[in-house]
Amino acid sequence: MTSVDSSVPPDAPVPVHTGMRRWAWLLLPALLLVLAAWRPLALPDEGRYAEVGRWMLASGDWLTPRLDGVPFFHKPPLLYWLEAVAMQLLGVTPWAARLVVALHACLMWGVMCVCVRHFAGAATARRAAWMLGSSLAFLVGGQYVNHDMVVATWMSVAIWCFARAMLHPRGVHAQWARAGFVACALGVLSKGLIGLLLPGFVLTLWVLWTWQWRKVWALPWVSGVLLLVAVALPWFVLAAREHPDMLAYMFGKHQFGRYTATTFNNARPWWFYGAAVVVLLFPWVFFALADGWQRVRAAVQQRWPSQPMAASPAASDASVPSPWVTLCWIWVLAILGFFSIPNSKLIGYALPVIPPLAVLAAVWWQQHLAPRAWGGRLFAGLVGLALVLALTANIVAGRYTLRHSSADVAAVLGCEIVAGDVVAVLDEYPYDLPFYAQLQQPIEVLQDWDTERRTAGDNWRRELFEGADFDAQAARALQPLSRLDTLQQQAGAWVLAPNGSASLNLQHHKGFELVLGGQAWSLYRSTAGASAAASERPQATEHKGLGRCQHQRQEQR
C-alpha cells in the first residue's frame, strides 16, 4: 500500500508530448559522472580533501586523517576512507576522489525518487527527478570534493527513512526506522553531530506539528540506537585514545565554536541561504515557492473565510496538506533557519534542503502545469536551460581553477623528484600539489611560525600548526624561514613559491635555479651537487610513467 497525496493522483494522465522519453531522466547520474572528470581540483577545498584521502592510502594510516602529514581533525573520516578505497581501485585521479561525492549525490537523488513515488506516484517522482537532477546542486555540488554533499545525503536518507517508517499504513515500519538510524550514524561519520541533530530536529518538529507521538514510542529504539552506536562510535573512541584532545578540538572548536563564534571566515547576511537555494535549484525553486504561497493563501482562507480570495480545488487541497508534504516544508524551514543563525555561512550548507524543495516544486507543477497542452514543452525548455547553466558553471569553474592551480609545476616535480629529495614551500600552501605530484613525504612549510601562532586567522596556517600540536614528529614539517638558507646548500632540495614571492630572493639565495614558472607557482631546485648527481638520478619516479615524464621535460625546454 502507498500513502499518496490526494491532490496529486498517482494515476493522473501525463501528456505524452513532454519532449522527453519516460526513462531519459536516468541519464542524469551518467552526466554527473562525466562532468566529474572535466575539472581540475578546485582550491582550496578539493585540493585539501582529496589529498587527505590520498595520504591515507599512501601512508596506510586509516585512523588519523592527515594534511601534509599532520593530523587534520576538522571533520570525521568517512569521506577520506571512501576516497582511499576509490583511489586504490581506480588510481589517484581527481575523478576517483569525486566519485565518492558523486555516488552520494546519486544516492540522495535515488532515495528521493523511490520515496516520492511511494507517497505521490510515479509522475511526480519523475518530475522531481528531473528537477533535482538538472540542478546546479546535483551536477556541480554533486561532484565537488568536500563533506557537504556527503552529510546532506545521509541527512536526507535519514529523514526519508523515518518518514517511510512512521507513515506506513500498518503501523511503524521497523526496518525503515533502523535504516534511518544507520543513516544518522553515517551522517555523524561524515561531518559530526549535525548528521544526527538536524534530522532529529526536523523530525521532532514534524511530530509536534502532526501529533504522531504514539508512533514515536513504537520506533525500534533499542536496536536502532545500538546500530547507530555500532556504526558511529568506534572511530571516535579509537582516535580519541590515540589523540586525547581530539574530541574537544573537533566538537568544541569546529562544531560548536564555528556555530557560535564570529571570528571564522565566510561571514554572510541572514538572507544568504535564500539566495543560495535560488542558485542551487534554479529555475525549479520558484515552483516550490509557488507551492508555499498557495498553501499560505489556503491557510489564510480557511482561518479568515471573509478574506476576498478566489476558492479553487487546488487551494482546498492545499489547506490540509498530506503529512509528507508538511514534512518537506518543515525540513526546508528548519534547516535553513538553523544554518542562518551563525555568522559564518557556506553555500554547501544549503544542500540538505534541495531534495524537499525539488519535491515541492514537482507537486506544484503536477497540479498546475502538467495538464496544460504547452506544459511539456515548457518543462523540456527549462530542463535544457538548467543543463546549460550546469555545463557553463563547470567550464567557468575549471578555467578559474587553472589560474590558481599548481598542477603544471606538480607535473614536472612528480617526474623529477626521487627518494630522499626535500620539497619546501614558501608564503602560501599549494593544496593540490601533493595530490598531483603524488608525493610520498610531507612538504616542509617555511613560515615564521612563532608569529603565525599569535596572529593567524582562520586559514591554512592555523590548520597546520593546530594539527601539528597532536603529533610532535609530524610537526617537523613546519620549519622556520631560516631553513631556506640550509636548503640552498643541500642537493635534492626543491622549493615552491607563488609567483612574485618576496620570501625567495634569487639575489640572496643564489643556490637555487628556476625549473618552471607556472601560471600561479614557480618551482626552484637547489644547484648544490647537481652536476655530480645528475647522472645518478633516475629519469622518472616509479609511480609516474616514463613517457609522460619525457613529455613534461620537452614542454619544460
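Author: Let's start with a word we'll lean on: a residue is buried when its relative accessible area is under 20%, exposed when it is over 50%, and partly exposed in between. Keep in mind, too, that this is a predicted model.

Reader: Fine, let me try that out. Is W235 buried or exposed?

Author: W235 has a relative accessible area of 5%, so it is buried. F236 comes out at 7%, so it is buried as well.

Reader: And for the whole chain, what share of the residues counts as buried?

Author: 55% of the 557 residues in the protein chain. The chain exposes about 24,200 Å², and carbon and sulfur atoms supply 62% of that.

Reader: How many helices and strands am I looking at?

Author: There are 25 helices and 8 strands. You can also ask how far apart in sequence the touching residues are. Take the contacts with a separation of 6 or more: 76% of them are between residues 24 or more positions apart.

Reader: Back to W235 and F236. How do I read an aromatic pair?

Author: You describe a pair of aromatic rings by the distance of the centres and the angle of the planes. This structure holds 26 aromatic pairs. W235 and F236 make one of them, with 5.0 Å centre to centre and 75 degrees between the planes. Planes over 60 degrees apart count as edge-to-face, so that is the label for this pair.

Reader: What about Y273 and F339: what sort of pair are they?

Author: Their planes sit at 50 degrees and their ring centres are 6.4 Å apart, so that pair is tilted. Y273 is in helix α13 (residues 272–280) and F339 in helix α16 (residues 323–340), so you have a link between distant parts of the chain, 66 residues apart. Y273 and F339 are both buried.

Reader: Which residues form the aromatic cluster there?

Author: F272, Y273, F338, F339 and Y349 form one cluster.

Reader: On to charges. How many salt bridges are there?

Author: The structure holds 15. For each, look at the N to O distance and at how covered the two partners are. D61 and R66 form one, with the closest N and O atoms 3.1 Å apart. D61 is partly exposed at 22% relative accessibility, while R66 is buried at 13%.

Reader: Where do E513 and R525 sit, and why would I care about their spacing in sequence?

Author: First, the bridge: their side chains meet at 3.4 Å, N to O. E513 lies in strand β7 (residues 512–517) and R525 in strand β8 (residues 521–526), so the pair ties together parts that are 12 residues apart in sequence. Both partners are partly exposed: E513 at 33% and R525 at 22%.

Reader: Are E452 and R461 buried or exposed?

Author: Both are buried. In their salt bridge, the closest N and O atoms are 3.5 Å apart.

Reader: Which residues are linked in a network of salt bridges?

Author: R39, E46 and R98. E46 turns up again in a moment.

Reader: Where, and what is E51 in contact with?

Author: E51 lies in helix α2 (residues 45–59). Leaving aside neighbours within four places in sequence, E51 touches E46, L67, Y431, P434 and F435. At 2% relative accessibility, E51 is buried. The E51 side chain makes a polar contact with the side chain of R54 at 2.7 Å and reaches the backbone nitrogen of F435 at 3.3 Å.

Reader: Let me read S405 the way you did E51. Which side chain does S405 meet in a polar contact?

Author: The side chain of D432, at 2.7 Å. S405 is in the loop between α18 (375–402) and α19 (407–416). Even in a loop, check the accessibility: S405 is at 2%, so it counts as buried. Beyond four places in sequence, the contacts of S405 are L43, D432, Y436, A520 and W521.

Reader: Last one, the outside. Which residues form a nonpolar patch on the surface?

Author: W221, V225, V229, L233 and V237, with about 410 Å² of accessible area together. W221 is found in helix α11 (residues 221–242), and at 40% relative accessibility W221 counts as partly exposed.

Key
Residues are numbered from 1 along each chain as its sequence is written. This is a predicted model: local features need pLDDT of at least 70, side-chain atom pairs count only at pLDDT 80 or more; totals for chains, interfaces and linings use all residues. Side-chain values use heavy atoms; hydrogens and water are left out. Helices (H or I, at least four residues) and strands (E, at least two) are DSSP runs, numbered from the N terminus. Buried means under 20% relative accessible area, exposed over 50%, partly exposed in between (1.4 Å probe, protein chains only). A polar contact is a pair of N or O atoms within 3.5 Å; within protein, one must be able to donate a hydrogen and the other to accept it, and residues adjacent in sequence count only if both atoms are side-chain atoms. Contact means heavy atoms within 4.5 Å. Patches are made of residues with over 30% relative accessible area and no salt bridge: like charges are joined within 9 Å, nonpolar side chains (Val, Leu, Ile, Met, Phe, Trp, Tyr) within 5 Å. Accessible areas come from the Shrake-Rupley method with a 1.4 Å probe; for residues, only the protein chains shown count as cover. A salt bridge is a side-chain nitrogen of Lys or Arg within 4 Å of a carboxyl oxygen of Asp or Glu. Rings of Phe, Tyr and Trp (its six-membered ring) pair if their centres lie within 6.5 Å; planes under 30 degrees apart count as stacked, over 60 as edge-to-face and the rest as tilted.
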